[in-house]
Amino acid sequence: ISGRAAVAPAMKPAHEAGAVSLLLCAITAGVPEEVQVSVAGLATMVISRDINACEQAILENQYHDGVAVDGDKPFFLWRTFSDLISSRRRGIQKAMARMLNTLFWRLPQDTIELTTRSRGQSGEEYWMLPRLLDALGHPDDEAVQDILQVLTPLATPVALVQKEDLEEEFEHLIFPPQHTIVREIETPTQKLLREAAGMISDEERVGVLVYLLRLLRPRFLRRALDWKPVVRDFVLDVVLTERVLAELTTATGLADEFWAVVVQVLESGGLPGQRWV
C-alpha cells in the first residue's frame with residue numbers, strides 16, 4: 001500500500017488530514033485483513049453521517065503532497081483507495097467498494113468527477129476507473145452492485161418517461177385520455193441513478209470510455225463477459241454506443257484485437273440472453 005511515505009521535515013504536507021484519512025492511514029501491509037475491513041467500515045460510517053468529512057475527502061484529491069498524519073508523514077487518501085480497491089484481499093476490496101458507494105450517495109456529482117477524471121492523487125497510474133472496472137470481477141454480489149452504481153453514469157443513459165412529458169403529449173386534447181401509462185413509483189436508488197446519468201455529458205462520457213478502452217485493451221471485454229450477467233450487461237451498455245464501437249472497430253491497434261474478441265465469443269456459442277449481437 002503506497003498511501004504513506006517518509007518525508008523530510010521541510011517537506012511536511014501543508015494540509016491537515018480529514019477524518020477519513022486519519023482512519024485509512026491505519027491500514028498498512030502488516031495489518032490483518034479483518035482489522036483493515038473494520039477500519040474501512042468506520043470510515044464508511046463517518047462518510048454516511050458527516051457531510052463535512054465527505055467534502056474534505058473529495059478535496060484531498062487535489063493535495064499532490066498529501067496530508068499530514070502520524071508525525072507529519074504524508075498520506076495520500078485516493079492513492080491508498082486505488083491500491084485497496086485493487087487488492088486481492090476480497091474483504092478489503094468489498095469494504096472499499098462500500099465506502100465509495102456511500103460517498104456516491106452523499107456527493108454524487110463530486111464522486112463521478114473523482115472516479116472518471118484522471119487528476120490529482122487519483123491521476124495517471126492511480127486513476128481509479130480502470131481499477132473499479134477490474135474489481136467488477138469480485139465474487140460478492142453486494143460488492144459488484146456497489147461498484148456498478150458508482151459506474152452507472154458511464155453506461156448508456158436510459159430515457160425515462162416523466163409526468164410532464166405525458167401532460168404535454170395530451171395537452172391538446174379537450175378531454176383527458178382514458179388510458180395513460182401507469183408508472184411505478186421511483187425508488188430512491190432509481191432516482192439517484194437517473195439523476196447521476198445526467199451529471200456527465202455525452203461528450204465527456206464517450207471521451208472517458210474511449211480513453212479507458214484504449215488503456216484496458218479489448219481483452220478486458222473478453223474477461224468481463226465471463227463475469228456475472230449484470231456485469232456483462234453493463235459492459236455491453238458501455239460498448240454498444242455508436243462512437244465507442246467506431247473507435248473499437250476502426251482504430252489502429254484496437255480493431256484487430258476487438259474483432260478477435262468477437263470471434264472468440266461467437267465461437268464459444270455467444271452469450272444466451274445477452275445483447276452481444
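1. In the residue classes used here, Ala, Val, Leu, Ile, Met, Phe, Trp, Tyr, Cys and Pro count as nonpolar, Asp, Glu, Lys and Arg as charged, and the others, Gly among them, as polar. On that basis the lining of the second largest cavity has 5 nonpolar, 2 polar and no charged residues. The model is a predicted one.

2. The second largest cavity holds about 30 Å³ of space. Its lining consists of Ile112, Thr115, Thr116, Val150, Leu151, Pro153 and Leu154. At least two lining residues come from each of H6 and helix H8 (141-151). H6 has the largest share of this lining, with 3 residues.

3. The count of cavities of 30 Å³ or more comes to 2. The largest cavity contains about 80 Å³ of space. Around the largest cavity are Leu133, Leu154, Leu209, Leu212, Leu213, Leu216, Phe220, Leu221, Phe234, Val235, Val238 and Val239. Two or more of these lining residues are given by each of helix H11 (202-216), helix H12 (219-224) and helix H13 (229-239).

4. By class, the lining of the largest cavity divides into 12 nonpolar residues, no polar and no charged. The lining of the second largest cavity likewise has no charged residues, but does include 2 polar ones. Leu154 appears in the lining of the largest cavity and also in that of the second largest cavity.

5. Turning to the open sites, the second largest pocket has a volume of about 170 Å³. Helix H3 (51-59) and helix H6 (108-116) are the elements that give two or more residues to its lining. H6 gives the most, with 3 residues. H6 thus has a part in the lining of this pocket and in that of the second largest cavity.

6. The lining of the second largest pocket is made up of Ile58, Leu59, Asn61, Gln62, Asp110, Glu113, Leu114, Arg117, Arg119 and Gly120. These residues divide into 3 nonpolar, 3 polar and 4 charged. Among the charged ones are Asp110 and Arg117. The largest cavity, in contrast, has no charged residues in its lining.

7. Helix H5 spans residues 90-106, which makes 17 residues. From its first C-alpha to its last, H5 reaches 25 Å, close to the 24 Å expected at 1.5 Å a residue. The buried residues of H5 are Ile92, Gln93, Ala95, Met96, Ala97, Met99, Leu100, Asn101, Thr102, Leu103 and Phe104. This buried set includes Gln93, Asn101 and Thr102, which belong to the polar class.

Definitions and conventions
Residues are numbered from 1 along each chain as its sequence is written. This is a predicted model: local features need pLDDT of at least 70, side-chain atom pairs count only at pLDDT 80 or more; totals for chains, interfaces and linings use all residues. Side-chain values use heavy atoms; hydrogens and water are left out. On a 1 Å grid over the protein atoms alone, a cavity is a set of points where a 1.4 Å probe fits but cannot get out, and a pocket is an open set with protein on both sides within 12 Å along at least five of seven lines; lining residues have an atom within 4 Å of a point. Grid points are joined across faces, edges and corners, and a volume is the space filled by probe spheres set on the points. Helices (H or I, at least four residues) and strands (E, at least two) are DSSP runs, numbered from the N terminus. The expected span of a helix is 1.5 Å times one less than its number of residues. Buried means under 20% relative accessible area, exposed over 50%, partly exposed in between (1.4 Å probe, protein chains only).
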